[in-house]
Amino acid sequence: MSKPSFRILTSQGRGAIAVVRVWGETAIAVVDAVFRPALGTSLARSKAGRLRLGRAGLGQGDEVVAVRLDTPIPTVEIHCHGGSAAVASVVAALESAGARRWEGQELDPGSSEDPIAAQALDDLAHASTLRTAEILLDQAQGALRRELARLSRELECGAESARARLDALIGRAAIGLRLIPGWTVVIAGRPNVGKSRLFNAMAGFARAIVAPAPGVTRDVVTFRTAFGGWPVELADTAGLRPTRDAIERSGIDRARRAQANADLVFLVLDRSEPLRPEDRELLESTAGALLVANKADLPPAWDPRELSREGTGIITVSAEEGTGLTELIAAVIHRLVPDPPAPGDAVPFRADQLDALFGARAHLLAGDPAGAARRLAAIGSTPP
Ligand SMILES: Nc1nc2c(ncn2[C@@H]2O[C@H](COP(=O)(O)OP(=O)(O)OP(=O)(O)O)[C@@H](O)[C@H]2O)c(=O)[nH]1
Ligand SMILES: [Mg+2]
């Protein structure tokens, strides 16, 4: 008989609880060999779904909860403490009882009839916000699979609507592919406009150094947070200006690289001083940036309406007093996720899914709807 596989479902790092899933024909016997129930009988004789308290692991072992799942393939989950030593002890005991660590990409292929659902469950373990977890849970419950099936039916009967449905799905992948890594937002501007003060105000604590002298920030300082439930890495950068100082120049190079790779750049301007030529150059070189007029608590030296770009506007804030931050965060959310998915919407969430959607689109544009349907049918069937 083949050896059962196991996989740690929870993400690596600190956590109160870790979950180890074991599956395969002999999974229950193998877990019974390492699980010592506090009371009662073996897992083999327990009902599926019944939580059993006991110990598992080498030596004394860790106090754990074990549960048999009601799945076509025999499966047990062991919930142990989340510290690395507790997990390592349970894993070592499972390995010595004959289980093998699962190295595949998907959670446990074969226990789910839908590999897309298995991939979504796998990603769910890494979701950092409730909002992103809900979207992945919808996909785990079949939202994407059902939409692909609808799309295939429309392709088969040559419906005009198939193209729009396919394009909508491709559009939503821009969100889906960001659910785990999140978006990057970079704060830019000339020295001393208040970038670091604004960064701290948005992070909620004094992460970056703030000082009256220009040229204070050198390294890119980052902080992971979430705006409106969307995970974001916010980055404070060196003020941009010509300089002979080698260290400052190196900081400015880093700032420019961070801007080039960002999903969104804020260009911060100081509203309490007349705009300088450096500000105007930055306004020209950062065409898609969100404009932020800072130091609104001081008397204004210029009118933000002079600068508002068509359709974008300019957000006025005081990083010092915290005013305007709600509007700024709302503007960031709107720029990053202008059209959030509704509950239950299909959202592609892996690069291989997006590749297949583009492949299907190319077939469709070439007048080959059957080829497009074949590409869609293959989604999730091969490991990425
Ligand atoms: N009154 C007022 N002062 C501010 C505000 N924001 C920043 N400052 C002050 O402006 C000065 C520069 O602030 P920083 O946040 O260090 O500016 P920076 O843009 O990060 O500067 P560099 O790191 O040198 O590029 C400090 O003295 C801050 O206290 C604000 O909203 N109002
Ligand atoms: Mg700074």
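Two residues count as being in contact when their C-beta atoms, placed from the backbone, lie within 7 Å. With that in hand, helix α6 makes a handy starting point in this predicted model. The buried residues of α6 pack against two other helices, α5 (143–156) and α11 (351–365). Those buried residues are Ala-162, Leu-166, Leu-169, Arg-172, Ile-175 and Gly-176. They sit on the same side of α6, because they cover an arc of only 150 degrees around the axis. Flip to the other side of α6, and Ala-164 and Gly-171 turn out to be exposed. As for its length, α6 runs over residues 161–176, which makes 16 residues. From first C-alpha to last, α6 reaches 22 Å, close to the 22 Å expected at 1.5 Å a residue.

Next come the nonpolar cores. In soluble globular proteins, nonpolar side chains tend to be buried together. Here the largest nonpolar core holds 41 residues, and Phe-266, Leu-267 and Val-292 touch the most other members. Both strands and helices chip in: the elements giving two or more residues to this core include the strands β8 (183–188), β9 (221–227), β10 (230–236), β11 (264–270) and β12 (290–294), along with the helices α7 (195–203), α8 (246–261) and α10 (325–336). Leaving out residues up to four places away in sequence, Phe-266 touches Val-185, Ile-187, Ala-188, Ala-289, Leu-290 and Val-292. Apart from this core lies another one, made of 29 residues, with Leu-124, Leu-151, Phe-349 and Ala-356 among them.

Then there is the ligand. Around ligand 1 there are 24 residues, of which Gly-194, Ser-196, Thr-217, Gly-239 and Glu-320 come nearest. Helix α7 gives the most to this shell, with three residues. Sorted by type, the shell is a mix of ten nonpolar, nine polar and five charged residues.

Finally, a couple of backbone oddities turn up. Most residues other than glycine have a negative phi. Asn-192 is not a glycine, yet its phi is positive, at about 75 degrees. Asn-192 is found in the loop between β8 and α7. Lys-295, not a glycine either, has a positive phi of about 70 degrees, and its place is in the loop between β12 and β13 (314–316). Are these two residues buried or exposed? Asn-192 has 17 C-beta neighbours inside 10 Å, so it counts as partly exposed. Lys-295 has 24 such neighbours inside 10 Å and therefore counts as buried, since the cut-off for buried is 20 or more.

How values were computed: Residues are numbered from 1 along each chain as its sequence is written. Chains are lettered from A and ligands numbered from 1 in the order in which they are written. This is a predicted model: local features need pLDDT of at least 70, side-chain atom pairs count only at pLDDT 80 or more; totals for chains, interfaces and linings use all residues. A nonpolar core is a set of buried Ala, Val, Leu, Ile, Met, Phe, Trp, Tyr and Cys residues joined through C-beta atoms within 7 Å. A residue is buried if 20 or more other C-beta atoms lie within 10 Å of its own, exposed if 12 or fewer, and partly exposed in between; C-beta atoms are placed from the backbone. Helices (H or I, at least four residues) and strands (E, at least two) are DSSP runs, numbered from the N terminus. The expected span of a helix is 1.5 Å times one less than its number of residues. The arc is that of the directions from the helix axis to the C-beta atoms. A residue is near a molecule or strand if its C-beta atom, placed from the backbone, lies within 6 Å of it. Ala, Val, Leu, Ile, Met, Phe, Trp, Tyr, Cys and Pro count as nonpolar, Asp, Glu, Lys and Arg as charged, and the others, Gly among them, as polar.
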